Amino acid sequence: KAIILKRPHNVLVSRKRHLLSCNINHITNKKVMDRYMRLPFPCNKILATYVWIDGSGINLRCKDRILNCMPYSPEGVPEWAFDGSSTGQATTGSSDTKLFPISVCRDPFRMEPHVLVFNEVYMGDGKPAKTNNRKFCNDLCLMHKDQEPWFGLEQEYTMLDVDGWGFGWPKGGGFPAVKYEYSYCGVGAKYIAGRDVSESHARCCLYSGLDFEGTNAEVMHACWEFQIGTTIGIKAADDMWMARFILARVGEDYGADITYHPKPMGMLHPGCGMHHNFSVKKMRTAPGGYGFIEECIKKLEKNHMKHMVNYGNDEKTNRMRLSGKFETAPFDKFSWGIASRKASIRLQRRIKENDKGFMEDRRPAADCDPYLVCGLILETCLGSAGG
Ligand code: ADP
Ligand code: MN
Ligand code: MN
Ligand code: MN
Ligand code: MN
C-alpha cells in the first residue's frame with residue numbers, strides 16, 4: 001500500500017499549483033523554434049525587454065519593444081507605459097501607468113545587441129506606484145554618498161516543479177530521503193536538485209554584467225542561493241531585481257517555478273531569506289570601525305519592529321521562517337552576535353581585533369524588497385536628515 005504523506009499547509013504552493021500546470025514552455029520543440037530564431041534579424045533594429053515589479057511587490061512583468069539602436073544607458077531608452085489595471089497597480093478607469101528606465105544590460109536570452117531594461121513604475125499623476133520603493137532607497141543612498149555604503153545580498157530561493165511540489169522531490173507529495181545536513185553546498189545527485197538552473201542563471205547574470213558574486217546549494221533540497229555584491233549604493237538592489245527576472249526566465253526554460261516564499265514547505269523544513277551585508281566607510285576604517293558598528297546595532301535594536309514589518313512581502317510568512325529554528329532568530333526578539341547564525345545581526349569573527357568590518361542582517365525574508373531593506377538600514381544607521 002502506498003504511503004501518501006500529507007502536504008504541509010501552504011496556501012502559496014497549492015494556489016499556484018493550478019496555474020503552473022499550464023507551463024509548457026520547457027517542452028515545446030526547441031529544434032523547431034531554432035529554425036525561426038535563425039531568421040536574420042533586421043540590422044537596424046533591436047529588441048528591448050522592459051521589466052518592472054508588479055502590484056504584488058515580488059512578481060515581475062515584462063514586455064518587448066523594437067528600438068532602432070542599442071542603448072548604452074537608461075537615458076537612451078524611451079519611457080513607456082502599460083495597463084496597470086492588469087498588474088494590480090491601477091484601476092481600469094485610470095489605468096495608464098508609466099515605466100521609467102533605470103538600468104539597461106545585455107539580454108542573455110537573445111544576446112547582444114538586444115537588451116533588458118529595468119524600470120521604476122509611476123502612476124498617471126506622477127506619484128511612485130505602491131510597490132515602487134526605489135526612490136526611497138536612492139534618496140538615502142545619495143544623502144549618505146560620502147559614507148560610501150556597500151551592500152552584499154544573499155538571495156535564497158526554492159525551485160518547484162510545474163505541479164507545485166519541490167523540484168526533484170518525490171512525486172505524490174513525498175519528501176527527499178536525504179538529511180538536510182548533506183544538501184548545503186552539497187554535491188551528488190542524491191543531495192541536490194536543479195543545478196542546471198543555478199548554473200545557467202549564473203552565466204546569464206555574468207553575461208549581462210550584473211555584480212553577480214557566487215552561488216551555493218542550500219540546506220533544503222532544490223533550494224539554492226546566489227549573491228549580488230559587494231556593490232556601492234543602490235546598484236546591489238537594482239542588480240538583485242534584474243537577477244530575479246533572469247532567474248524566473250531561466251526557470252521557464254527548465255520547467256522550474258522559482259519561489260521566494262520564506263517557508264515554502266511548512267514548519268518542519270528550512271526557510272529562505274535574503275541576508276543583507278552592509279558597511280559604510282566609518283565601519284571599514286580602523287581605529288573606531290568596531291565602535292561605530294556597535295552604535296549602529298543599538299539603533300537597529302531600537303527600531304527592530306519597524307524593520308520587521310518591512311522585511312518581507314508578507315509579515316506572516318516571515319514570522320513562520322523566523323521561528324528560532326533552522327539557524328534563525330525569533331521574529332519579535334532582536335539579538336546580535338559574533339559568528340552566530342542564530343542572531344538577527346551576525347558579525348565576523350575577527351571584527352574586534354581588526355577594529356573594522358561589516359554587519360550581516362539575517363532578518364529579511366527571501367521575498368523582501370531590497371530597496372526597502374537597504375533604505376531602512378541606511379535610515380536607521382545613518383539617519384534620514386543627513387549627517
Ligand atoms: P555567508 O553565507 O557566510 O553569510 P556569503 O559569502 O554568502 O556568506 O555572503 C557574504 C556577503 O558579504 C557577500 O554578499 C559580500 O558581498 C558581502 N560583503 C563582504 N564584505 C562586505 C563589506 N565590507 N560590506 C558589505 N558587504 C560585504
Ligand atoms: Mn493592448
Ligand atoms: Mn551565503
Ligand atoms: Mn544561505
Ligand atoms: Mn549569510
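This report covers the overall fold, one open sheet and the ligand shell of a predicted model.

## Overall fold

The chain holds 11 helices and 13 strands. Its radius of gyration is 21 Å, close to the 21 Å that the globule rule gives for 387 residues, so the chain is as compact as a globular protein of that length. The C-alpha trace spans about 65 × 60 × 40 Å along its principal axes.

Burial and contact range complete this picture. Of the 387 residues, 42% count as buried. Contacts were also sorted by sequence separation. Among those between residues at least 6 apart in sequence, 69% join residues at least 24 apart.

## The open sheet

Five strands make up an open sheet. Their order is 2-1-5-4-3, and the pairing is mixed. Strand 2 (60-67) and strand 3 stand at the edges. Each has a single partner strand, so one side of each is left without a neighbour in the sheet. Neighbouring strands here are turned by 40° against each other on average, with direction ignored.

In a regular strand, side chains alternate between the two faces of the sheet.

## Pairing around strand 4

Strand 4 covers residues 96-106. In the sheet order it sits between strand 5 and strand 3. The pairing with strand 3 (residues 80-83) is antiparallel and runs over four bridges. Two positions show the register. Phe 82 stands opposite Thr 97 of strand 4. Ala 81 has Lys 98 of strand 4 as its bridge partner.

Strand 5 (residues 115-122) is also antiparallel to strand 4. Eight bridges join the two. Here Cys 105 stands opposite Leu 116 in strand 5.

## The shell around ligand 1

Ligand 1 is surrounded by 14 residues. The closest are Gly 152, Gly 229, Thr 230, Asn 277 and Ser 279. By class, the shell has seven polar, four charged and three nonpolar residues.

Which strands each supply at least two residues of this shell? They are strand 6 (150-160), strand 8 (223-232) and strand 10 (274-279). Strand 10 gives the largest share, with four residues.

The closest residues can be placed on these strands. Gly 152 falls within the range of strand 6, 150-160. Gly 229 and Thr 230 fall within strand 8, 223-232. Asn 277 and Ser 279 fall within strand 10, 274-279.

Conventions. Residues numbered from 1 in each chain as written. Chains lettered and ligands numbered in written order. Predicted model: local features only at pLDDT ≥ 70, side-chain atom pairs only at ≥ 80, totals over all residues. Near = placed C-beta within 6 Å. Nonpolar A, V, L, I, M, F, W, Y, C, P; charged D, E, K, R; others polar. Pairing = 2+ DSSP bridges. Rg over C-alpha atoms; globule rule 2.2 N^0.38 Å. Buried ≥ 20, exposed ≤ 12 C-beta atoms within 10 Å, placed from the backbone. Contact = placed C-beta atoms within 7 Å. Axes fitted to C-alpha atoms, helices over the stretch in contact; angles between N-to-C directions.
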